[in-house]
Amino acid sequence: MRKVKGYDEVTETTTVWSFPQRGSWVTHNSDYRGNFAPQIATNVILRYSKEGDLILDPMVGGGTTLIEAKLLNRRAIGLDINPEAVKRAQRNITFKGDYKYEPEVKIGDVRTLNGIKNESVDLILTHPPYLNIINYSNGKIKGDLSNIGGVKKFCYELEKGIAEFFRVLKEDCFCAVLIGDTRRNRHYIPLSSYVLKRFLKQGFALREDVIKIQHNCKSNPYWQKMSEEFNILLIAHEHLYIFRKPRSDENLSRIRYSIIS
């Protein structure tokens with residue numbers, strides 16, 4: 001297991017993050033397709049929270065966020081609409097050591113964060129599906145965002161979750177979302193931009209836009225073939241948006257650029 005000796009040793013300092021070698025300490029692994037590198041969670045948690053804070057990942061997948069929260073002595077709650085993902089996350093957070101808190105993971109829907117009180121969360125960190133690029137439940141779970149093929153429908157449903165993020169997050173605290181783009185009929189679909197607009201619409205302010213370089217993507221051979229056949233570029237980056245919930249007494253004119261109608 002890697003040790004976190006100091007803030008500067010593990011924290012990125014620019015808006016471009018690249019992790020060619022994904023972390024493999026404790027139970028971290030890449031078996032759950034589409035999960036993000038644990039270095040992302042490490043950096044976000046260290047920069048935007050402190051020990052004892054409550055972290056929420058409402059689309060927990062394989063449990064990367066919860067593993068790092070446990071290692072860094074944060075309280076954590078993970079939700080997922082897919083029972084198989086919940087089981088996997090539960091297995092992954094079960095490792096022994098001298099840790100202050102044990103994460104909680106259960107079935108839940110990002111659009112209705114029932115049981116989580118208003119302004120009770122210190123940090124949200126999550127990685128939504130990118131439309132139906134990876135189908136996590138083979139169409140068997142109603143409401144699974146990875147089963148929603150249309151961009152408009154996907155954004156409409158995700159925005160319900162974004163409204164819940166705003167409700168449960170404390171003022172002046174942060175919400176980090178890793179989201180990428182895709183293609184349809186050889187043309188670029190800027191999914192990340194559409195999602196960004198939904199967050200701003202709900203009242204969040206954009207603190208950072210981190211470009212995360214993609215490495216070792218399992219679908220690269222397929223897209224390499226498509227690139228050669230149809231003369232398109234491989235999408236090799238994702239956006240890690242860091243949003244802040246403004247204080248109720250804050251002069252929003254100072255961040256007017258982030259408010260849209």
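## Sheet, crossovers and cavity in a predicted model

Author: In this predicted model, D80 stands opposite I107 in β4.

Reader: How many bridges join β3 to strand β4, and do they run parallel or antiparallel?

Author: There are 4 bridges between β3 and strand β4 (residues 104–107), and the two strands run parallel. Between them the chain passes from β3 through helix α4 (residues 83–92) to β4, in a right-handed β-α-β crossover.

Reader: Where does α4 lie?

Author: Across β3 and β4, with its direction at about 165 degrees to that of β4.

Reader: And the other side of β3. Which way does strand β2 run against β3, parallel or antiparallel?

Author: Parallel; strand β2 (residues 54–57) is joined to β3 by 4 bridges. In that pairing L54 stands opposite R75 in β3. A right-handed β-α-β unit is formed here by β2, helix α3 (residues 64–71) and β3.

Reader: Is β3 mostly covered or mostly open?

Author: Mostly covered. Strand β3 spans residues 75–80, and 5 of its 6 residues are buried.

Reader: Zoom out. What is the strand order of the open sheet?

Author: The sheet has 8 strands in the order β1-β9-β10-β6-β5-β2-β3-β4, and the pairing is mixed. Its edge strands are β1 (16–18) and β4, each of which pairs on one side only. From one strand to the next the twist averages 20 degrees.

Reader: Mixed, fine. In which sense do strand β9 and strand β10 pair?

Author: Antiparallel, over 8 bridges, with β9 at residues 205–213 and β10 at residues 237–244. One opposed pair there is L206 with F243 in β10.

Reader: Which strands does α6 touch?

Author: Helix α6 packs on the sheet and touches β6 (169–179), β9 and β10. The direction of α6 makes about 5 degrees with that of β10.

Reader: Where is S192?

Author: In that helix, α6, which covers residues 191–202.

Reader: Buried or exposed?

Author: Buried, because its relative accessibility is 1%, and the cut-off for buried is under 20%.

Reader: What is S192 in contact with, leaving aside neighbours within four places in sequence?

Author: With I179, G180, D181, H239 and Y241.

Reader: Different topic. How many residues of helix α2 are buried?

Author: Helix α2 runs over residues 38–48, and 10 of its 11 residues are buried. Among them are P38, I40, V44, L46 and Y48, and also Q39, T42 and N43.

Reader: Now empty space. How many cavities of 30 Å³ or more does the count come to?

Author: The count comes to 1 cavity of 30 Å³ or more. The largest cavity has a volume of about 80 Å³.

Reader: Which residues are closest to its centre?

Author: N29, N35, G62, T64 and N92 are the closest to the centre, out of the 14 residues that line the largest cavity. The elements giving two or more residues to that lining are α3 and α4.

Reader: Last one. Where does P129 lie?

Author: In the loop between β5 (121–126) and α5 (151–168).

Reader: Why does P129 count as buried?

Author: Because its relative accessibility is 13%, with buried meaning under 20%.

Reader: What separates the C-alpha atoms of P129 and D144?

Author: A distance of 9.4 Å, for two residues 15 residues apart along the chain.

Conventions: Residues numbered from 1 in each chain as written. Predicted model: local features only at pLDDT ≥ 70, side-chain atom pairs only at ≥ 80, totals over all residues. Heavy atoms only, no water. Buried < 20%, exposed > 50% of the residue type's maximum accessible area, 1.4 Å probe, protein only. Pairing = 2+ DSSP bridges. Right-handed = clockwise from strand over helix to strand, strands pointing away. Contact = heavy atoms within 4.5 Å. Axes fitted to C-alpha atoms, helices over the stretch in contact; angles between N-to-C directions. 1 Å grid on protein atoms, 1.4 Å probe; cavity = no way out; pocket = protein on both sides within 12 Å on 5 of 7 lines; lining within 4 Å. Points joined across faces, edges and corners; volume = space filled by probe spheres on them.
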